[in-house]
Amino acid sequence: MRDKIKEYEAVAQAAEKFVKSVAEGNSEYARELFTPDAVLFGMLDGVLEHGSIDQFYHNVDTVGAGDDFKARVDVLAVEETVAVVRVLEEKWGGRIDFTDFLLLLKLNGEWKCVAKAYNQNSDTIK
């Protein structure tokens, strides 16, 4: 069952922690969003990244977004205890465009991300 608009807003607010971390080059905010056992999957410059969300934290903390970084959050679905968010990123690290899909669960009344899968736009692969 589709949830109320207020839940969509709560999910968007949670996903903004992801964007803030990337934009500031500081994983602190994303660490509030992701569960400790969250996973990540995607291809970065043609190399498969998969496993612990710690790789994402490392990337955020070491690369930085860059001055031209832009992001957009789209809440695609909220179904009572599960939500799907798409985050569009442009010019991460000054050159990479990503589409991220975040899978969130409502745990103890709070939206937490359990998985991140992403695509790097092919025209930004090195």
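Two strands count as paired here if DSSP finds at least two bridges between them. Keep that in mind as you go round, and remember that you are looking at a predicted model.

**Stop 1: the first hairpin**

Select residues 34-44 and 47-52, which are strand 1 and strand 2. They run antiparallel, and six bridges join them. Now pick Leu40 and look across to strand 2: its bridge partner there is Gly51. Do likewise with Gly42, and you land on Glu49 as the bridge partner in strand 2. Then go to the turn, where two residues sit between the strands. Asp45 is the one to click in this hairpin, as it takes a positive phi near 50°.

**Stop 2: the whole sheet**

Switch to cartoon and bring in the other strands. You should get an open sheet of six strands with mixed pairing, in the order 2-1-6-5-4-3. Strand 2 and strand 3 are at the edges with a single partner strand each, so each has one side without a neighbour in the sheet. Look along the sheet and you can follow the twist, which averages 15° from one strand to the next.

**Stop 3: the second hairpin**

Colour residues 70-79 (strand 3) and 82-92 (strand 4). Strand 3 and strand 4 are antiparallel too, joined by nine bridges. Show Lys70 and you will find it opposite Glu90 in strand 4. At the turn there are again two residues between the strands, and Glu80 has a positive phi near 65°.

**Stop 4: helices on the sheet**

Next, select helix 1, residues 5-24. It lies across strand 1, strand 3, strand 4, strand 5 and strand 6, and it runs at about 145° to strand 3. Then add helix 3, residues 54-63. Helix 3 lies across strand 1, strand 2, strand 4 and strand 6, and its angle to strand 1 is about 70°.

While helix 3 is lit up, click His58, which belongs to this helix. Is His58 buried, partly exposed or exposed? With a relative accessible area of 45%, His58 is partly exposed. Try a distance label from there to Gly25: C-alpha to C-alpha it is 9.8 Å, although the two are 33 residues apart in sequence.

**Stop 5: the nonpolar core**

Nonpolar side chains in soluble globular proteins tend to be buried together. The largest nonpolar core here has 32 residues. Show Phe18, Phe34, Phe56, Val85, Leu102 and Leu104 as spheres, since these touch the most other members. Elements giving two or more residues to the core include helix 2 (28-33), strand 5 (96-107) and strand 6 (110-120). Which element gives the most? That is helix 1, with seven residues.

Centre on Leu104 and show what surrounds it. Beyond its neighbours within four places in sequence, its contacts include Val11, Ala14, Leu33, Val82, Val85 and Trp111. Thr81, Ala83, Lys112 and Cys113 are also in contact with Leu104.

**Stop 6: the aromatic cluster**

Now keep just Phe18, Phe34, Phe56 and Tyr57, which form one aromatic cluster. The count for the model comes to seven aromatic pairs. Begin with Phe18 and Phe34: their ring centres are 6.4 Å apart and the planes are at 55°, so this pair is tilted. Phe18 lies in helix 1 and Phe34 in strand 1, so the pair ties together parts 16 residues apart in sequence. Both Phe18 and Phe34 are buried.

Swing round to Phe34 and Tyr57. Here the centres are 6.3 Å apart and the planes at 75°, which makes the pair edge-to-face. Phe34 is in strand 1 and Tyr57 in helix 3, so this pair ties together parts 23 residues apart in sequence. Phe34 has a relative accessible area of 3%, and Tyr57 counts as buried at 5%.

**Stop 7: two last clicks**

Select Lys20 and Tyr29. Lys20 lies over the face of the Tyr29 ring, 4.5 Å from the ring centre.

Finish on Thr99, in strand 5. Its relative accessible area is 16%; buried means under 20%, so Thr99 is buried. Leaving aside neighbours within four places in sequence, Thr99 is in contact with Arg86, Val87, Leu88, Ala117, Tyr118, Asn119 and Asn121.

Notes
Residues numbered from 1 in each chain as written. Predicted model: local features only at pLDDT ≥ 70, side-chain atom pairs only at ≥ 80, totals over all residues. Heavy atoms only, no water. Helix = DSSP H or I, 4+ residues; strand = E, 2+ residues; numbered from the N terminus. Core = buried A, V, L, I, M, F, W, Y, C linked by side-chain atoms within 4.5 Å. Buried < 20%, exposed > 50% of the residue type's maximum accessible area, 1.4 Å probe, protein only. Contact = heavy atoms within 4.5 Å. Axes fitted to C-alpha atoms, helices over the stretch in contact; angles between N-to-C directions. Phe/Tyr/Trp six-rings, centres within 6.5 Å; stacked < 30°, edge-to-face > 60°. Lys NZ or Arg CZ within 6 Å of the ring centre and 35° of its normal.
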